[in-house]
Amino acid sequence: MTAELSTRSYRGQSQEQRRAERRARLIAAAIAVYGERGYHQATVKGVCEAAGLTERYFYESFVNSEALLIDCFHVVTATVMGEIVRAGAAAAPDPLARSRAMLHAYFSALQRESRKARVFLVEIRGVSRAMDAAFDDALKAIGKEVARMTTPAGAVEDELLQAGVVGGVIAIALRWIGNGYQPPIEQAVESALKMGTVLAAAPQEQGSAGTAAG
């Protein structure tokens, strides 16, 4: 009987589908609310009102606001990372051109979604250990993906170097945002590109280097 109730459909949707839809609505609403008011000024009630749902449905999907914030961060990060990867894939194959295209996509996204950028780059730091861990995990994943697309074949993978480059680019982005998106985006990209070229110049693995020399 319980299994029957859990799979019963309503207007063509199962209970699980309706729950997933409500969760997605809450995440979309929270991203908008956090971007407009800031995370610390937002409330569960405000997010639910923006989503057109009651608080009962909030607690159906999330333990608390922090859990929602983490999910929002993952969605925003995945969206921006998707833009960066597509820009890199469409660019010329040499590492410099690809790095420039990826950085331009990143800075363009920050400028286009200025409120969200501030929330998900600035306000989330220090919210909790779980949020900081999610942020650090995202930086590691971004570093690996950027390195995969911009470093030469056979380069030694250096997680510390990846962390330094990604952290440096974020620091440049934060200063750029704080300066009111000045200097122009092209100049900001070129400044960040100097960090990105460090990955492109990563040392080769000994086996690859020896093979090339021979």
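Which residue forms a salt bridge with lysine 144? In this predicted model, the partner is glutamate 157, and the closest N and O atoms of the two residues are 2.5 Å apart. Glutamate 157 sits in the loop between α8 and α9 (159-178), while lysine 144 belongs to helix α8, so the pair ties together parts that are 13 residues apart in sequence. Lysine 144 has a relative accessibility of 35% and therefore counts as partly exposed, since that class lies between the limits of 20% for buried and 50% for exposed.

Lysine 144 also appears where helices α8 and α9 meet. On the α8 side, the contact is made by Phe135, Leu139, Ile142, Gly143, Lys144 and Ala147. Facing them from α9 are Glu159, Gln162, Val166 and Ile170. Sorted by character, the residues of this contact divide into 6 nonpolar, 2 polar and 2 charged. The axes of α8 and α9 are 9 Å apart, and the two helices pack at an angle of about 105 degrees. Angles of 65 to 115 degrees count as roughly perpendicular, and α8 and α9 are therefore placed in that class.

A further salt bridge involves helix α8, this time through aspartate 136, whose side chain meets that of arginine 125 at 3.5 Å, N to O. Aspartate 136 lies in α8 (residues 129-150) and arginine 125 in the loop between α7 (114-123) and α8, so this pair joins parts of the chain that are 11 residues apart in sequence. Both partners can be placed by their accessibility: aspartate 136 is partly exposed, with a relative accessible area of 34%, and arginine 125 is partly exposed too, at 38%.

Elsewhere in the chain, the side chains of arginine 112 and glutamate 83 form a salt bridge, with a distance of 2.8 Å from N to O. This pair links distant parts of the chain, 29 residues apart: arginine 112 is in helix α6 (residues 95-112) and glutamate 83 in helix α5 (residues 65-90). Is each partner buried, partly exposed or exposed? Arginine 112 counts as partly exposed at 48% relative accessibility, and glutamate 83 is partly exposed with a relative accessible area of 22%.

Side chains of opposite charge can pair when their charged atoms come close. In this model, the count comes to 10 salt bridges. Some residues take part in a wider arrangement: Arg19, Arg22 and Glu60 are linked in a network of salt bridges.

Key. Residues are numbered from 1 along each chain as its sequence is written. This is a predicted model: local features need pLDDT of at least 70, side-chain atom pairs count only at pLDDT 80 or more; totals for chains, interfaces and linings use all residues. Side-chain values use heavy atoms; hydrogens and water are left out. A salt bridge is a side-chain nitrogen of Lys or Arg within 4 Å of a carboxyl oxygen of Asp or Glu. Helices (H or I, at least four residues) and strands (E, at least two) are DSSP runs, numbered from the N terminus. Buried means under 20% relative accessible area, exposed over 50%, partly exposed in between (1.4 Å probe, protein chains only). Axes are lines fitted to C-alpha atoms, for helices over the stretch in contact, and angles run from 0 to 180 degrees between N-to-C directions. Angles under 35 degrees count as roughly parallel, over 145 as roughly antiparallel, 65 to 115 as roughly perpendicular and the rest as oblique. Contact means heavy atoms within 4.5 Å. Ala, Val, Leu, Ile, Met, Phe, Trp, Tyr, Cys and Pro count as nonpolar, Asp, Glu, Lys and Arg as charged, and the others, Gly among them, as polar.
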